[in-house]
2 protein chains.
Amino acid sequence: MTTVLKGNIVSATALGKLEITENGYMVLEDGVITGIHDRLPEAYAHAPLEDYGDCLILQSFADMHFHAPQYAMQGMGFDLPLLEWLEKYAFPTEARYLDIGFAREVYSRLAREMVQNGTTRMCVFSTLHRPATLVLMEELEKAGAVAYVGKVNMDRNSPDFLRETTEGAKTETLRWLDECSRFRNVKPMITPRFTPSCTDELMTFLGKLVQERNLPVQSHLSENRAEMNWVRRLHPDCQQYWETYAKFGLWTDRTLMAHCVWCDERERKAIREAGVTMVHCGASNNNILSGTAPVRQMLDEGIKVVLGNDVGAGDSLQGFDLVADSVRASKTKHVQDGWTTPFLTVAEGWYLGTTAGAEFFGAGKGFAVGDALHAIVLDDSRLLTPRDLTVQERFERSIYRRQNDAIRAVWSEGRKVVG
Amino acid sequence: MTTVLKGNIVSATALGKLEITENGYMVLEDGVITGIHDRLPEAYAHAPLEDYGDCLILQSFADMHFHAPQYAMQGMGFDLPLLEWLEKYAFPTEARYLDIGFAREVYSRLAREMVQNGTTRMCVFSTLHRPATLVLMEELEKAGAVAYVGKVNMDRNSPDFLRETTEGAKTETLRWLDECSRFRNVKPMITPRFTPSCTDELMTFLGKLVQERNLPVQSHLSENRAEMNWVRRLHPDCQQYWETYAKFGLWTDRTLMAHCVWCDERERKAIREAGVTMVHCGASNNNILSGTAPVRQMLDEGIKVVLGNDVGAGDSLQGFDLVADSVRASKTKHVQDGWTTPFLTVAEGWYLGTTAGAEFFGAGKGFAVGDALHAIVLDDSRLLTPRDLTVQERFERSIYRRQNDAIRAVWSEGRKVVG
């Protein structure tokens, strides 16, 4: 089945590079992009047309790190740093997801909100609860998202009300993996919360699973200095934090590591060489005082960098904020470094929040031929303008200029899921 | 006429201090607060009641620095630093306000948006155009705002299409001041754009006006290092930027100076001793790479600090963002200073964005007895929660957690202007 979309198409094909097709046509066959054209090729003259007029057709967002259960406490507790914030806010909130009804209420809203706001690909932490994790996956699938979701593993160093036994963690993880087979676009991801939360026995088990079943992994790395000191005390055999994942087989080219604020040259080298992806969470790093990640340096070194909103430590689920927050953090870094490190341009931040994350899901760069369509259609016509704006200017403005109800349609995995 | 408001009343009576009256009653006589009570005093048992149920009754915002004309380009040009950004985006946009129709369209929306989102007090830059400035004042008055508005003065160092003659600036300023007498809650404020934009002759004239008529002043100070070097070259007789205002009589206890990012000890002393108010614009300072203002230090030294969104260099007109951005900037500073300078708590940011600004307008601290009511009624009932939250927790969450359509009513100068 052929579909043609008409509008102003903006495709981020490389870091900082935009390919703009004004009043262009995008042709889909069964939801898969076959081409972008300045003029409609004769062959498609009679194909069904989604005419989006003067709207912007943008790539949808890929949000590569957040904690779904913390949606219920979004915006709370920002007077505290990481470890205290976990104890006082995050852990008690997560404990609530033993209650399946509560999980359903929160996750159905979260999933809808994410997709309606244009985030169609995501990597998500659930809680340690297997049933609630399945609810999250159901709701994401229903909303039309493509996602990796992790049942969180944590069998030490957390309060009694939010801790598994090592045996329980193993059994529940295996059972959960079996139950995931029923989902089409939502897949499991092995998720040790972070090194302090998992015994060596559990890490060994998870690493073996990853190796045997070729599963992707997500966790946290070098976010906060108190956390890093703690990890050092827990693993005196490891010189650096990353080794506490690597030694168990959790350090692969399908591994996501959130934050990486404090990674030095040696740790960055380990990331690059293993093909690990670094998830930058600019808003969170500011909110809970983690520091400022060396994103430009990592990009220059060839590390794969993607973005995550990190709700609840982040304060917004919006993809536009995800991008803007990466630019903001890079400007903070720029100033911290005495105006030397180049900040991220808006187009660069956009690439990180769209194409870079999509690549983790196997997609090509920008609106790539052969990929199922993931897109937002943005109607910015209600905004005032000082003069006629170019498509690029309208695109750039949309990142920082929050607009309610401006998303006219969302496409995910080749299907129109909103609009 | 007596009115009673019922709800959860949060009053910021000192920096970082909140007085919370749960399920409380606020009594107004002709719009003026006469008391806040835990229980309704018998005398008011039959007074008209605005029952806001479980809503939060919060102080409205005071936004003390922004450029109204730049609303039309909000969110644009954030890959450029100040001086280039002015040339490429801000000046051409401002030139459009020669067109009264355009001014009406932009300013009517801006004024409504500000008040509907809970900002009832503000200090605003217009453009150099007298007629458009009057349109802005009309629209703010109509929307119910209490404001100081400045016709901008600029007779040098800007493009031909946005520059006055010195004579023209004088004549138009005098005529504009005469025409302002018709407004009730919107008053004029003397506004040299910044030192580089005004000849000595014009500054002398403006300073005399300020002294003779006891008018308030707003301008920019020590925002950006390139700007400061420029000022130094223009005024070799002045050791520091502030002296270029002081020597003309523009440095008074009714003067607002935006930014003050780079004020050293000597300049801060001059600010404190004159009773000048520093307007901190956290988002703007990040967006156009100005640096990070030493807000905590200024507060500790006894300088009056208030907040401004600085649209178009800022990216949001929302009062909640105004407050959150001040906390974000303070956390950036905290990290820059090696985790030494205490960041602003949410309650402290809130105080700066409400009470501190209101004081410039002569108001007392928090919901003070004797003041006309300025308030927002916030209905946060649609948000999910992990447990029962205290009023203080709900208040704190509202700062970072953007909620569309949650403002149920806005009161300004004792009148309900929204809801």
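Which residues of α12(A) are buried? In this predicted model, the buried residues of α12(A) are A:Val346, A:Ala347, A:Glu348, A:Gly349, A:Trp350, A:Tyr351, A:Leu352 and A:Gly353. Helix α12 of chain A, residues 346-353, is thus described as mostly covered, with 8 of its 8 residues buried. The points below take up the relation of the two chains, the empty spaces, the cysteines and three loop residues.

**How the two chains are related**

- Two copies of a chain are related by a rotation about an axis and a shift along it.
- Here, a turn of 180 degrees and a shift of 0.0 Å along the axis lay chain A on chain B, with an RMSD of 0.0 Å. This relation is that of a two-fold axis.
- The residue of chain A that comes closest to the rotation axis is A:Gln336, whose C-alpha is at 3.1 Å.
- Of the interface residues of chain A, 100% are also interface residues in chain B, so the copies meet through the same surface.

**The largest cavity**

- Rolling a probe the size of a water molecule over the atoms shows where empty space is left.
- In this model the count comes to 9 cavities of 30 Å³ or more. The largest cavity holds about 460 Å³ of space.
- The lining of the largest cavity is made up of 36 residues. Those nearest its centre are A:Asn286, A:Thr332, B:Asn286, B:Arg328 and B:Thr332.
- Both chains take part in this lining: α9 (282-287) and α11 (319-336) of chain A, and α9 (282-287) and α11 (319-336) of chain B, each supply at least two residues.
- The element that gives the most to the lining of the largest cavity is α11(A), with 8 residues.
- Sorted by class, the lining of the largest cavity contains 16 polar, 12 charged and 8 nonpolar residues.

**The second largest pocket**

- The second largest pocket contains about 240 Å³ of space.
- This second largest pocket is lined by 15 residues, and B:Lys304, B:Val305, B:Val306, B:Ala356 and B:Glu359 are the closest to its centre.
- Two elements of chain B, β14 (304-307) and α12 (346-360), give two or more residues to the lining of the second largest pocket.
- The largest share of that lining comes from α12(B), which provides 5 residues.
- By class, the lining of the second largest pocket has 9 nonpolar, 4 charged and 2 polar residues.

**Cysteines and disulfides**

- Over all chains, the structure holds 0 disulfides.
- For A:Cys123, the closest cysteine sulfur belongs to A:Cys281 and is 11 Å away, which is too far for a bond. A disulfide requires the two sulfur atoms to be within 2.5 Å.
- A:Cys123 counts as buried because its relative accessibility is 0%.
- B:Cys281 is likewise in no disulfide, and its nearest cysteine sulfur, that of B:Cys260, lies 9.0 Å away.
- B:Cys281 also has a relative accessibility of 0% and so counts as buried.

**Three residues in loops**

- A:Asp253 is placed in the loop between α7 (241-246) and β12 (255-259) of chain A.
- Apart from its neighbours within four places in sequence, A:Asp253 is in contact with A:Ala274, A:Gly275, A:Val276 and A:Lys304.
- From C-alpha to C-alpha, A:Asp253 and A:Ile376 are 29 Å apart in space, and 123 residues separate their places in sequence.
- B:Gly308 belongs to the loop between β14 and α11 of chain B. With a relative accessible area of 4%, B:Gly308 is buried.
- Leaving aside neighbours within four places in sequence, the contacts of B:Gly308 are B:Asp63, B:Met64, B:His65, B:Val279, B:His280, B:Cys281 and B:Leu322. One of these, B:Cys281, is the buried cysteine described above.
- B:Gly308 and B:Gln336 are 28 residues apart along the chain, and their C-alpha atoms are separated by 22 Å.
- B:Thr199 is found in the loop between β10 (191-192) and α5 (200-213) of chain B.
- The relative accessibility of B:Thr199 is 18%, and the residue counts as buried because the limit for that class is under 20%.
- Leaving aside neighbours within four places in sequence, B:Thr199 is in contact with B:Asp155, B:Arg156 and B:Thr166.

Key
Residues are numbered from 1 along each chain as its sequence is written. Chains are lettered from A and ligands numbered from 1 in the order in which they are written. This is a predicted model: local features need pLDDT of at least 70, side-chain atom pairs count only at pLDDT 80 or more; totals for chains, interfaces and linings use all residues. Side-chain values use heavy atoms; hydrogens and water are left out. Copies are superposed by least squares on the C-alpha atoms of residues with pLDDT of at least 70 in both. Contact means heavy atoms within 4.5 Å. On a 1 Å grid over the protein atoms alone, a cavity is a set of points where a 1.4 Å probe fits but cannot get out, and a pocket is an open set with protein on both sides within 12 Å along at least five of seven lines; lining residues have an atom within 4 Å of a point. Grid points are joined across faces, edges and corners, and a volume is the space filled by probe spheres set on the points. Helices (H or I, at least four residues) and strands (E, at least two) are DSSP runs, numbered from the N terminus. Ala, Val, Leu, Ile, Met, Phe, Trp, Tyr, Cys and Pro count as nonpolar, Asp, Glu, Lys and Arg as charged, and the others, Gly among them, as polar. Buried means under 20% relative accessible area, exposed over 50%, partly exposed in between (1.4 Å probe, protein chains only).
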